[in-house]
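User: Please examine closely the part of this model where protein meets nucleic acid. I should like one connected account that then follows the elements involved back into the protein.

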There are 2 protein chains.
Amino acid sequence: MKEGPDISQIGALIGDPARANMLTALMGGQALTATELAGAAGITLQTASSHLSKLETGGLVAQRKQGRHRYFALADDEVGQLLENIMGFAANRGLMRTRPGPKDPALRKARVCYNHLAGDFGVRMLDRLVADGDVTLDGDEAGLTQNGEARIAALGIDVPALKTQRRPVCRTCLDWSERRSHLAGSLGEALLARFIADGWARREKDSRAIRFTPEGEKRFTALFP
Amino acid sequence: MKEGPDISQIGALIGDPARANMLTALMGGQALTATELAGAAGITLQTASSHLSKLETGGLVAQRKQGRHRYFALADDEVGQLLENIMGFAANRGLMRTRPGPKDPALRKARVCYNHLAGDFGVRMLDRLVADGDVTLDGDEAGLTQNGEARIAALGIDVPALKTQRRPVCRTCLDWSERRSHLAGSLGEALLARFIADGWARREKDSRAIRFTPEGEKRFTALFP
DNA sequence: TTCATACTTCGATGGTAACCGAAGCATTTG
DNA sequence: CAAATGCTTCGGTTACCATCGAAGTATGAA
């Protein structure tokens with residue numbers, strides 16, 4: 001009956017500039033309200049609401065009611081990975097959103113990819129983990145070795161807790177600026193959260209950029225030279 | 001000036017059902033004429049021509065004039081990889097093109113992914129090569145070891161010739177039906193070409209399916225158990 | 001040269017979807 | 001309760017684009 005997957009529905013969802021802008025905004029990893037997303041896309045609240053219901057029906061975003069707010073976020077890690085993938089393709093072809101602000105270098109250095117660290121810093125971190133035998137690669141899947149578990153636990157991350165989740169602990173995600181993989185999965189998320197909680201870095205407002213403090217960058221580089 | 005890549009243009013190109021059908025047809029790896037693509041998409045020649053010029057402007061397809069025919073093909077390997085990626089995502093969500101013909105099981109067993117082998121057979125081949133230490137994985141990049149070069153050369157493939165090309169020899173590509181990686185790059189292409197040239201398998205007409213002969217399947221399984 | 005094939009361009013049409021104003025619903029605050 | 005906030009739904013407009021018929025261009029065959 002069926003001959004292959006249908007890519008046109010997904011393409012159509014992503015193909016509208018307003019929706020694409022909202023999805024890009026959600027790649028920041030934070031759940032945003034409809035009003036915030038309308039602002040990010042430069043449209044009114046009514047139009048945004050219509051777009052969001054389409055994105056939700058299409059399974060790209062999920063909403064969570066909280067009081068009188070409705071927070072929207074990417075539906076799951078897989079959506080983030082798909083978007084990062086398409087961004088990589090678009091970046092290679094020179095298709096860039098022209099927006100005010102000289103944020104490009106900062107984005108390439110370190111940024112959030114849905115919920116984990118991307119950019120030069122993200123790639124270097126995975127490279128180091130693999131080189132030290134803490135993480136093993138097998139295609140797009142990855143595994144944490146005994147060594148790796150100890151190293152991660154030493155950073156104050158509860159590794160057994162990560163394993164209880166349904167989604168994979170380790171995963172690779174293709175980086176659009178570096179054209180190499182960085183670490184995704186629940187471990188990737190936990191590591192970024194750790195860096196921020198420890199004050200090594202903080203999220204830039206209204207951007208995907210991650211800004212490391214001088215002290216944080218020194219510590220990060222010491223850990224992942 | 002620029003804040004991140006623009007995914008909407010690509011999405012819009014893929015988002016039209018007629019264009020998506022043409023791109024899916026081109027995933028078969030063969031260059032097709034505008035007339036053939038119009039047939040595959042179920043539209044008239046004029047409409048197809050308009051779509052093709054858009055796809056070409058967008059860098060997704062490239063054309064080659066040959067006599068009074070114009071052959072269209074995917075612009076490069078990267079486009080094939082992107083499409084396979086989106087197909088994987090769509091397949092996970094149950095978005096399938098409903099078309100006549102019970103070809104789905106054959107597609108899952110072995111099919112062509114732009115120019116290399118995909119499906120169960122493709123995944124098994126890469127698994128075996130990695131397990132035997134012939135291919136090393138590093139994110140989405142991959143390398144051929146000394147052992148691997150010898151093994152490939154024994155199949156009658158000119159490995160040094162592959163290396164002279166600009167594109168990578170080894171590359172991984174995410175398989176939508178198996179959700180694991182298979183082998184792409186010039187080596188992936190050469191291997192599939194070898195199997196077909198040796199009569200182990202042949203392309204199914206008007207489909208991405210690859211049909212192995214009983215003898216061919218036996219030999220393939222012996223090589224990659 | 002004349003005809004045929006392969007494809008592109010032009011022009012007109014129709015359908016769809018993005019968009020926003022206004023009204024409606026839900027939740028919180030005062 | 002009433003007022004305010006956050007968001008959705010409805011209705012109508014507009015603009016775009018996919019579509020196809022017809023005409024035009026290019027290559028090859030007769």
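Analyst: In this predicted model, DNA strand D is surrounded by 22 residues. The closest of them are Thr35(A) and Ser49(A) from one chain, with Gln46(B), His51(B) and Lys54(B) from the other. Of the atoms of DNA strand D that come within 4 Å of the protein, 71% belong to sugar and phosphate.

Three of the closest residues can be described atom by atom. In Ser49(A), an N or O atom of the side chain is 2.6 Å from a phosphate oxygen of DNA strand D. For His51(B), the corresponding distance from a side-chain N or O atom to a phosphate oxygen of this strand is 2.5 Å. The side chain of Lys54(B) likewise has an N or O atom 2.5 Å from a phosphate oxygen of DNA strand D.

The surface near DNA strand D draws on both chains. Chain A supplies at least two residues from each of helix H3 (34-41), helix H4 (45-57) and strand E4 (69-74), and chain B does so from each of helix H2 (17-26) and helix H4 (45-57). The largest share, four residues, comes from H4(B). Sorted by class, this surface holds ten polar, seven charged and five nonpolar residues.

DNA strand C has 21 residues around it. Here the closest are Gln46(A), His51(A) and Lys54(A), along with Thr35(B) and Ser49(B). Sugar and phosphate make up 72% of the atoms of DNA strand C that come within 4 Å of the protein. A base is also approached: the side chain of Gln46(A) places an N or O atom 2.4 Å from a base nitrogen of DNA strand C. Thr47(A) instead has a polar side-chain atom 3.1 Å from a phosphate oxygen of the strand. From chain B, a polar backbone atom of Arg70(B) lies 3.3 Å from a phosphate oxygen of DNA strand C.

The elements that supply at least two residues each to the surface near DNA strand C are helix H2 (17-26) and H4 of chain A, together with helix H3 (34-41), H4 and strand E4 (69-74) of chain B. H4(A) contributes the most to this surface, with four residues. Its residues fall into ten polar, six charged and five nonpolar.

Strand E4 of chain A, one of the elements beside DNA strand D, also belongs to a sheet. This open sheet has three strands in the order E2-E4-E3 (chain A), with antiparallel pairing. Strand E2 (32-33) and strand E3 (61-66) of chain A are its edges, each pairing on one side only. Six bridges join E3(A) and E4(A) in the antiparallel sense, and Gln66(A) has His69(A) in E4(A) as its bridge partner.

Behind these elements comes the question of the protein interior. Nonpolar side chains in soluble globular proteins tend to be buried together. The largest nonpolar core of this model contains 76 residues, and those with the most contacts inside it are Ile14 and Leu60 of chain A and Ile14 and Leu60 of chain B. Beyond its neighbours within four places in sequence, Leu60(A) is in contact with residues including Leu13(A), Ile14(A), Leu23(A) and Leu55(A), as well as Ala73(A) and Leu74(A). Phe89(B), from the other chain, is also among its contacts. Apart from this core lies another, of 29 residues, among them Leu137(A), Ile157(A), Val159(A) and Ala190(A).

Notes. Residues numbered from 1 in each chain as written. Chains lettered and ligands numbered in written order. Predicted model: local features only at pLDDT ≥ 70, side-chain atom pairs only at ≥ 80, totals over all residues. Heavy atoms only, no water. Near = heavy atom within 4 Å. Polar contact = N/O pair within 3.5 Å; in protein donor to acceptor, adjacent residues only side chain to side chain. Nonpolar A, V, L, I, M, F, W, Y, C, P; charged D, E, K, R; others polar. Core = buried A, V, L, I, M, F, W, Y, C linked by side-chain atoms within 4.5 Å. Buried < 20%, exposed > 50% of the residue type's maximum accessible area, 1.4 Å probe, protein only. Contact = heavy atoms within 4.5 Å. Pairing = 2+ DSSP bridges.
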